Protein chains: 2
Amino acid sequence: MVSEFEFIDRIKSKYALHRLGDDCAVLPKDAETDLLVTADMLVEDIDFRLAWTTPEFLGHKALAVSISDIAAMGGSPNWAMLSIGIPESLWNTDFIDRFYAGWFALAAEFDVELVGGDVSKVPDKLVIDSIVGGECHKGKAILRSTAKPGDAIFVTGTLGGASGGLKLLENGIRFDDSLPLKRRDLILKQLQPRPHLTLSNSLIILDIATSMIDVSDGLSSDLTHICSASGVGASIELTRLPIEPYLGANFPADNCIDMALNGGEDLGLLFTVDRKNISLLDSLPFTNIGEITANVGVIELIHDEVTTILEPQGYRHF
Amino acid sequence: MVSEFEFIDRIKSKYALHRLGDDCAVLPKDAETDLLVTADMLVEDIDFRLAWTTPEFLGHKALAVSISDIAAMGGSPNWAMLSIGIPESLWNTDFIDRFYAGWFALAAEFDVELVGGDVSKVPDKLVIDSIVGGECHKGKAILRSTAKPGDAIFVTGTLGGASGGLKLLENGIRFDDSLPLKRRDLILKQLQPRPHLTLSNSLIILDIATSMIDVSDGLSSDLTHICSASGVGASIELTRLPIEPYLGANFPADNCIDMALNGGEDLGLLFTVDRKNISLLDSLPFTNIGEITANVGVIELIHDEVTTILEPQGYRHF
């Protein structure tokens, strides 16, 4: 079966679509500015379960994933559209008002204006398409395709938290204010993830990042996206990974490593910088996890001086 | 139960969203140009049935409805995003390639570039969110909210054809090249509707239209949208309606009138012009069906010197 990434590559090649395949499309806006646009579809029982979340969290997350795409290009979000397909059973409840309340709380924080969208009935499962528009300085969007061998690889935040939260939910634990912090925090990372927009908009990243993506599919997959787009490889060191600290309190060590490597939805940023600029990031909350290599398409994972090959095992629909 | 239109009005008021409620959102682009953006969700078994259409027609229609929204603002489309939620059973067929073939055929005709979107799995029913971006001269978008009492009301094309095609499909007739023209043409108006972009971009409409909308929900509903947004009423004459000629060959006269008044998806344009400018449209393929009145919120239908009140009976999801 063709994967969704192979399918997109095929369409891109067949119809000569050069703007496809990054976190956002980059379009000309005015003399100083490029327009960034992104769309993310969230589907009930594929991307979320209504019994595991709240309408407010879901509204928040629908917007957060798209703001994160704007962040991953080094841009600032401005406006959004929301297309929502709602089953009749939910229309007649307070779901929709609570969903928009969660959406608008995050929109207010990042100064995003709702400008349009669509409301449709669906036969069964809720579906949301989140569209966000933003901008960046002309020609300054930070792409996936511009990492160079020798560049250092950095991540923001911690890895695996959202995946750990998902595992707790799968194990029957539900969000509740009275949960112990080590569980509550993980579940919130899954249900109410925060885009790292302030970090991505720090002047130093805009200035020196050579490539960037958000960690939405999982580190192994998202680093593969950068390597494929840039025609490079990568080498990362296991002991340097900023594994989410609360994971260890809930899961065996091997699971924690797997979640940090392959768990998606953390919405941290994965970016590269020329090695000569590493010292500029010294006092900042970024973690250097390895470096870009000329070993095209291969991601090496180093642990105890043993090197293994890391395959992309993050989330994919097909 | 609150209708989808009441819901959108409530959100618009609650969160002070002044850009919501027209065919497209109008956003500042550069010194000479405004950006137009629109999103339309199409859901299997709500908006279409896979057994009644072809993948190519569906791809065409998904783009056509959004181009029509750009046309309705007096704009030109430039780029598009496509979010598609696909059940696994369809992913493993030629559906997706044929869907994109239909989409790209129309995109090529109107010079629309695919710049992004999302591909997701869905548990069951296919869902498509079609996003199109375009532009118009700064401050020149033709809104729903600017019709004035005394303005003449015009439509492009004919009314009721897409609705007639839907009725034939509901009656078990399927598209086939060997169908007699009077049936084939109606079904094509339903399955493969054409946006009236060339007409909406004629200089004379851009110059003199005081308000515009596309006929997507149905004349009675779309004229109600203009009247509500503009704070006016309308009076239309039944004998002036350009009822789709092939309807009469397939349905009783009363049904034809109902389809012309309430059938959606024709993708013609409904626009108003100051009465003093009517003569400028004399030689053009537009039909004057009535006039805007000061009778706020009331649409009068005149037939044989008898006036009845026309209620919005076009399609709505909720």
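This passage describes how the two chains of a predicted model are related, how they meet, and how selected residues are placed within them.

The relation between the two copies is considered before their contact. Chain B can be superposed on chain A with an RMSD of 0.0 Å through a turn of 180° combined with a shift of 0.0 Å along the axis, which is the relation of a two-fold axis. Within chain B, the C-alpha nearest this axis belongs to B:D30 and is 2.6 Å from it.

The contact between the chains draws on 49 residues from chain A and 48 residues from chain B. On the side of chain B that touches chain A, at least two residues each are supplied by the helices α1 (4-14) and α4 (95-109) and by the strands β1 (25-28), β2 (33-43), β3 (76-87), β4 (113-122) and β5 (127-137). Of these elements, β4(B) gives the largest share of that side, with nine residues. When the residues on this side of chain B are sorted by class, 29 are nonpolar, eight are polar and 11 are charged. Because 100% of the interface residues of chain B are also interface residues in chain A, the copies meet through the same surface.

Attention then turns to the interior of the model. In soluble globular proteins, nonpolar side chains tend to be buried together. In this model, the largest nonpolar core contains 200 residues, and the members that touch the most others are A:A80, A:L270, B:A80 and B:L270. For A:A80, once neighbours within four places in sequence are left aside, the contacts are with A:L63, A:A107, A:V112, A:L114, A:V115, A:I131 and A:V132.

A further buried position in chain A is A:L42, which is located in strand β2 (residues 33-43). A:L42 is classed as buried because 22 other C-beta atoms lie within 10 Å, the cut-off for that class being 20 or more. Apart from residues up to four places away in sequence, A:L42 touches A:D47, A:F48, A:A62, A:I128 and A:S130. By contrast with these contacts, A:I292 is 250 residues from A:L42 in sequence and 32 Å from A:L42 in space, taken from C-alpha to C-alpha.

In chain B, the charged residue B:R144 occupies a place in the loop between β5 and β6 (152-156). B:R144 is nevertheless buried, since 22 other C-beta atoms are found within 10 Å. Its contacts, not counting residues up to four places away in sequence, are B:D22, B:S211, B:I213, B:H225, B:I226, B:A229 and B:S230. The C-alpha atoms of B:R144 and B:T272 are 9.6 Å apart in space, although the two residues are 128 residues apart in sequence.

The packing of two helices in chain A was also examined. Helix α5 (residues 161-170) and helix α6 (residues 181-191) of chain A pack at an angle of about 105°, and their axes are 7 Å apart; α5(A) and α6(A) are therefore roughly perpendicular to each other. On the side of α5(A), the contact is formed by A:G161, A:A162, A:G164, A:G165, A:L166, A:L168 and A:L169, while α6(A) contributes A:R183, A:L186, A:I187, A:L188, A:K189, A:Q190 and A:L191. By class, the residues of this contact comprise eight nonpolar, four polar and two charged.

Both of these helices are also touched by A:N250, a residue in the loop between β8 (233-237) and α10 (253-262) of chain A. Beyond its neighbours within four places in sequence, A:N250 is in contact with A:G164, A:L168, A:K182, A:R183 and A:L186. With 19 C-beta neighbours inside 10 Å, A:N250 counts as partly exposed. A:N250 and A:L269 are 19 residues apart in sequence, and their C-alpha atoms are 24 Å apart in space.

Finally, backbone geometry is of note at one position in each chain. Most residues other than glycine have a negative phi. A:D111, although not a glycine, has a positive phi of about 60°, and the phi of B:D111 is likewise positive, near 60°. A:D111 lies in the loop between α4 (95-110) and β4 (113-122) of chain A, and B:D111 is placed in the loop between α4 and β4 of chain B. With 10 C-beta neighbours inside 10 Å, A:D111 counts as exposed, and B:D111, with 10 such neighbours, also counts as exposed.

How values were computed
Residues numbered from 1 in each chain as written. Chains lettered and ligands numbered in written order. Predicted model: local features only at pLDDT ≥ 70, side-chain atom pairs only at ≥ 80, totals over all residues. Core = buried A, V, L, I, M, F, W, Y, C linked by C-beta atoms within 7 Å. Buried ≥ 20, exposed ≤ 12 C-beta atoms within 10 Å, placed from the backbone. Contact = placed C-beta atoms within 7 Å. Helix = DSSP H or I, 4+ residues; strand = E, 2+ residues; numbered from the N terminus. Least-squares fit on C-alpha atoms with pLDDT ≥ 70 in both. Axes fitted to C-alpha atoms, helices over the stretch in contact; angles between N-to-C directions. Parallel < 35°, antiparallel > 145°, perpendicular 65-115°, else oblique.
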